[in-house]
Amino acid sequence: MSDALATNPHQAHWQQALRGVRKRVAPLPPCRPSGRVVRATGLVIEVVGLQVALGNACRIELPSLPGEPARFAEAEVVGFAGDRLYLMPLAEISGLSPGARVLPLVEGSQNAARRFPIGESLLGRVVDGNGNPLDDHGPLQEARRAPLATPPLNPLSRAPISEQIDVGIRAINALLSVGRGQRMGLFAGSGVGKSVLLGMMARYTRADVIVVGLIGERGREVQDFIDNILGEEGLARSVVVAAPADTSPLQRLQGAAYATRLAEGFRDQGKNVLLIMDSLTRFAMAQREIALAIGEPPATKGYPPSVFAKLPSLVERAGNAAPGGGSITAFYTVLTEGDDQQDPIADSARAILDGHIVLSRTLAEAGHYPAIDIEASISRAMTAITDGEQQRLAQRFKGMFSRYQRNRDLISVGAYHPGNDPQLDEAVRRFPQLEAFLQQHIDENADMAASRQALTSTLGGQA
C-alpha cells in the first residue's frame, strides 16, 4: 500500500509541497510576541505586553477594509517605563485605535535593529532617512545592508590630521586651512549664503565620495541643492540623504545617523569622504522633540541633557581612520538663532568641532559673498597642516584686516589722519585688496596654489 502511495504522482506532488512549506516555516520562531496600544499622546505611542530593546523597530497594525491587505505603520522604541514601551512612528499615522496590535520586526528568531542600504550602489542616488529612494532610478535591492550603529573608533588608532584638503574657496584655503579628516562647523543665521557655500565645497573639494545630509531643511531646498548647487557632475560621486522639515523628528534624527553611516562605509573602503550635513541644529531640535515627548526634563533653553550627549556621539564618528586608511572630512552647519553665537547648540558644537567658520549677516547684506567673518573664524588644525610662511601671511592678513575694522568708524567720519599710525595707514591702503581677496563668485574655483598666490600678492609679497 505504501509503495502504491509513493508511486502515486498526486501524492508525490503534495509531499513536495509540504517539504517546501516546512522549509519556509523552520526558521520562524515557534511563537511571535505582540503587544497592544494603550495610549497615544502627541508624538508618542505607549504599548504594553511587549519586550523590545531600545532603538529597535516595531510594526503597528492599523485597521483595513474587508478584502484589503493588512496595513502596518513602522515605529521605533525611544524609551520605556516599567512594562510600558514608548514608540515613535517614522511617519504620520492615520486610523490608529486603542488596543491596536504591535509586532516587533523580527530577523530569524532574534529582535534586531533595522538595516539600511550602504555602499557604492548608492552613488548618484537621493534617498530618505529610511534608505528608500526619492529619485526615479529604481529600488536599491542589490545594495549591501547594515545597521546604523557602529562601534566607536579607538582615539589612539586614528591617523593625525596632517594633510591639507583643497575646498576650492580662496578665503578658507589660505586663511582657515582645512585638513583631511577635520570636522568644521559653519555657523550662520538664516539667509546668509551657507547653502551656496556648502555647494561650492561639494563641487570643488577633492574627495573620492561626497555624502550630503539635508536634515530638517525646507523640502524645496532639496531639489534646488541637487540641480543648481551640487550639479550633475557633483551628484555622480555623491549620495544625498534628505529628511526635510515635514518628516517626523525620528526620521530627521535617523537621516543624520544614516548619512554618517554611509560616510563610514566608504571610509572603511579606504576612500576619502566629504560629509556635508545641513544642519546640526535641526538634528538637535529633532532630539529635543523626542526627549520632551517621552518626559525628559528641559534644561538649557528648553534642550534636555540628552541633546548635548547626542551631538558628540554623532560628530565623533567622522574623522580619520587608522593610518593608511580612509578619512571623513565633515562640514556641519549650525544655525545661530538671531545670529546669537552664544546659542547653546552653537556653543556646544564649537567645543566638539575642530574649528568654525562664521558667516556674517552684515557682510551678506552688503553683497559680500561668501560672507565669511574672518575675525570670528578659526581652524584648529591649520598649524599642523601648513608651513610657517603661510601661517605668517595669514596672521598678517588677519591683523591688517582687524586693525581696519577696529578703526572703521573713525575712518568713515573723517577723524582718521594718515601718518599717525603706519600700520593703520597700510591697512587703509590695502583694504580694497583685502576685501576683494575674501570675495569669490559661485562659479569660481580657487585651488590651494592659486589661493596662496593671491594671498601673497594681496600683501605685497611680504610675510
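A salt bridge here is a side-chain nitrogen of Lys or Arg within 4 Å of a carboxyl oxygen of Asp or Glu.

**Figure 1. The salt bridge of Glu-444 and Arg-170 in the predicted model.** Glu-444 is paired with Arg-170, and their closest N and O atoms are 2.9 Å apart. Between domain 2 and domain 3, the count of such bridges is one. Arg-170 also appears, with Leu-175 and His-368, among the residues of domain 2 considered in the next view.

**Figure 2. The interface of domain 2 and domain 3.** The protein chain is divided into domain 1 (35-104), domain 2 (115-386) and domain 3 (390-460). The C-alpha centres of domain 2 and domain 3 are separated by 31 Å. Contacts join 26 residues of domain 2 to 25 residues of domain 3. The size of an interface is often expressed as the accessible area lost when the parts come together. For domain 2 and domain 3, about 2400 Å² is buried between them, with 56% of it on carbon and sulfur atoms. On the domain 2 side, the residues that lose the most area to domain 3 are Arg-170, Leu-175 and His-368, which together account for 30% of what that side buries.

**Figure 3. The largest nonpolar core, with Ile-172.** This core has 55 residues, of which Ile-172, Leu-175, Phe-331, Ile-357 and Phe-397 touch the most other members. At least three residues come from each of domain 2 (115-386) and domain 3 (390-460). When residues up to four places away in sequence are not counted, Ile-172 touches Val-167, Ser-177, Val-178, Met-201, Ile-357 and Ile-372. Another core, of 53 residues, lies apart from this one and includes Met-88, Ala-257, Ala-263 and Leu-314.

**Figure 4. Helix H6 (residues 249-268).** The 20 residues of H6 reach 29 Å from the first C-alpha to the last, close to the 28 Å expected at 1.5 Å a residue. Helix H6 is mostly covered, with 19 of its 20 residues buried. Gly-270 follows H6 and has a positive phi, near 90°.

**Figure 5. The surroundings of Ser-348 in helix H9.** Ser-348 belongs to helix H9, which comprises residues 344-352. Because its relative accessibility is 16%, and buried means under 20%, Ser-348 counts as buried. With its neighbours within four places in sequence left aside, Ser-348 is in contact with Phe-308 and Leu-311.

Technical notes. Residues numbered from 1 in each chain as written. Predicted model: local features only at pLDDT ≥ 70, side-chain atom pairs only at ≥ 80, totals over all residues. Heavy atoms only, no water. Core = buried A, V, L, I, M, F, W, Y, C linked by side-chain atoms within 4.5 Å. Buried < 20%, exposed > 50% of the residue type's maximum accessible area, 1.4 Å probe, protein only. Domains from an automatic or database assignment. Contact = heavy atoms within 4.5 Å. Helix = DSSP H or I, 4+ residues; strand = E, 2+ residues; numbered from the N terminus. Expected span 1.5 Å × (residues − 1). Buried area = accessible area lost by both parts, 1.4 Å probe.
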